[in-house]
Amino acid sequence: MDTLAQYDAVMAKCKEIFLKKTRDYGTAWRILRPTSLTDQLYIKAKRIRNLEETKTQKIADSIDSEYQGIINYAIMALIQLELDEAAGLELEAIKVEALYDAQTQIIRDLLALKNHDYGEAWRDMRMSSFTDMILMKLLRIKQIEENEGKTLISEGLDANYQDIVNYAVFALIKKVEELRS
């Protein structure tokens, strides 16, 4: 199991979705404030948790698509943190792709470092724990946002969004592995 190759496969699919939606909608998401992106992420994670607990759904969107949405919204949030309003609402597709790639590379590098230190402990986690960890990170982000971005000792917004991406990637990798078993 090559975690980085699995990460790359998940992210390639997410990027494909992101770029297709960019062609369809442009960068309308640039109008969203970070707090709105956090709320969108929270809604997606809460839906996953609800589906995990009730085992029923009435909307056809899959849990996989929700995790992919979480990945892409978290990357949008990271891009928003990097860009100021002067960048404008509508960005060229080539610039958006470069910003997306830069964030995914940072997150990939972080995954490699943490995976080394933690010995791929995520592979022993339950699927529900990924959802719970994402929700916890989102609650932390909300608190940091309420504190106007200030923390005393804790990681900032970017680190929490990066962790959210990695937990969602882990969930998607595990789902593929479960299907193969």
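## A look around an all-helix chain

Let's start with L19, which sits in helix α1, the stretch from residue 3 to residue 25. Keep in mind that this is a predicted model. L19 has a relative accessibility of 17%, so it counts as buried, the cut-off being under 20%. If you go looking for W29, you'll find it ten residues away from L19 in sequence and 13 Å away in space, C-alpha to C-alpha.

Now for the whole chain. What does its secondary structure come to? It has six helices and zero strands, and from the N terminus on the order reads α-α-α-α-α-α. The radius of gyration is 16 Å, close to the 16 Å that the globule rule gives for 181 residues, so the chain is as compact as a globular protein of that length. Lay the C-alpha trace along its principal axes and it spans about 50 × 40 × 35 Å.

A few other chain-wide numbers help fill in the picture. Of the 181 residues, 43% count as buried. Take the contacts with a separation of 6 or more: 82% of them come from residues 24 or more positions apart. On the outside, the chain exposes about 10,400 Å², with carbon and sulfur atoms supplying 53% of that area. As for charge, there are 25 positive and 30 negative ones, and their mean positions lie 5 Å apart.

Next, two of the helices. Helix α3 covers residues 63-82, and its 20 residues reach 29 Å from first C-alpha to last, close to the 28 Å expected at 1.5 Å a residue. How many of the residues of α3 are buried? The count is 15 of the 20, so α3 is largely enclosed by the rest of the structure.

Helix α5 runs over residues 127-146. Its 20 residues should span 28 Å at 1.5 Å a residue, and the end C-alpha atoms are 29 Å apart, which agrees. The buried residues in α5 include M127, F130, I134, L138 and I141, and K137 and E145 are among them too. So what covers these buried residues of α5? The cover includes α2 (34-54), α3 and α6.

That leaves the loops, where three glutamates are worth a visit. The table puts them side by side.

| Residue | Loop | Relative accessible area |
|---|---|---|
| E92 | between α3 and α4 | 59%, exposed |
| E120 | between α4 and α5 | 23%, partly exposed |
| E148 | between α5 and α6 | 66%, exposed |

E92 is a good one to click on if you want to see distant parts of the sequence brought into one view. E92 and R23 are 69 residues apart in sequence, with their C-alpha atoms 10.0 Å apart in space. E92 itself counts as exposed at 59% relative accessibility, the cut-off being over 50%.

The other two catch the eye for their backbone. The phi of E120 is near 55°, a positive value in a residue other than glycine. E148 also isn't a glycine, and its phi is positive at about 55°. Where does E148 come relative to α5? It follows that helix, in the loop that leads on to α6 (157-180). Exposed or buried? With 66% relative accessibility, E148 counts as exposed, while E120 is partly exposed at 23%.

Conventions
Residues are numbered from 1 along each chain as its sequence is written. This is a predicted model: local features need pLDDT of at least 70, side-chain atom pairs count only at pLDDT 80 or more; totals for chains, interfaces and linings use all residues. Side-chain values use heavy atoms; hydrogens and water are left out. Helices (H or I, at least four residues) and strands (E, at least two) are DSSP runs, numbered from the N terminus. The radius of gyration is taken over C-alpha atoms; the globule rule is 2.2 Å times the number of residues to the power 0.38. Buried means under 20% relative accessible area, exposed over 50%, partly exposed in between (1.4 Å probe, protein chains only). Contact means heavy atoms within 4.5 Å. Accessible areas come from the Shrake-Rupley method with a 1.4 Å probe; for residues, only the protein chains shown count as cover. Lys and Arg count as positive and Asp and Glu as negative; His and the chain ends are not counted. The place of a charge is taken as NZ of Lys, CZ of Arg, CG of Asp or CD of Glu. The expected span of a helix is 1.5 Å times one less than its number of residues.
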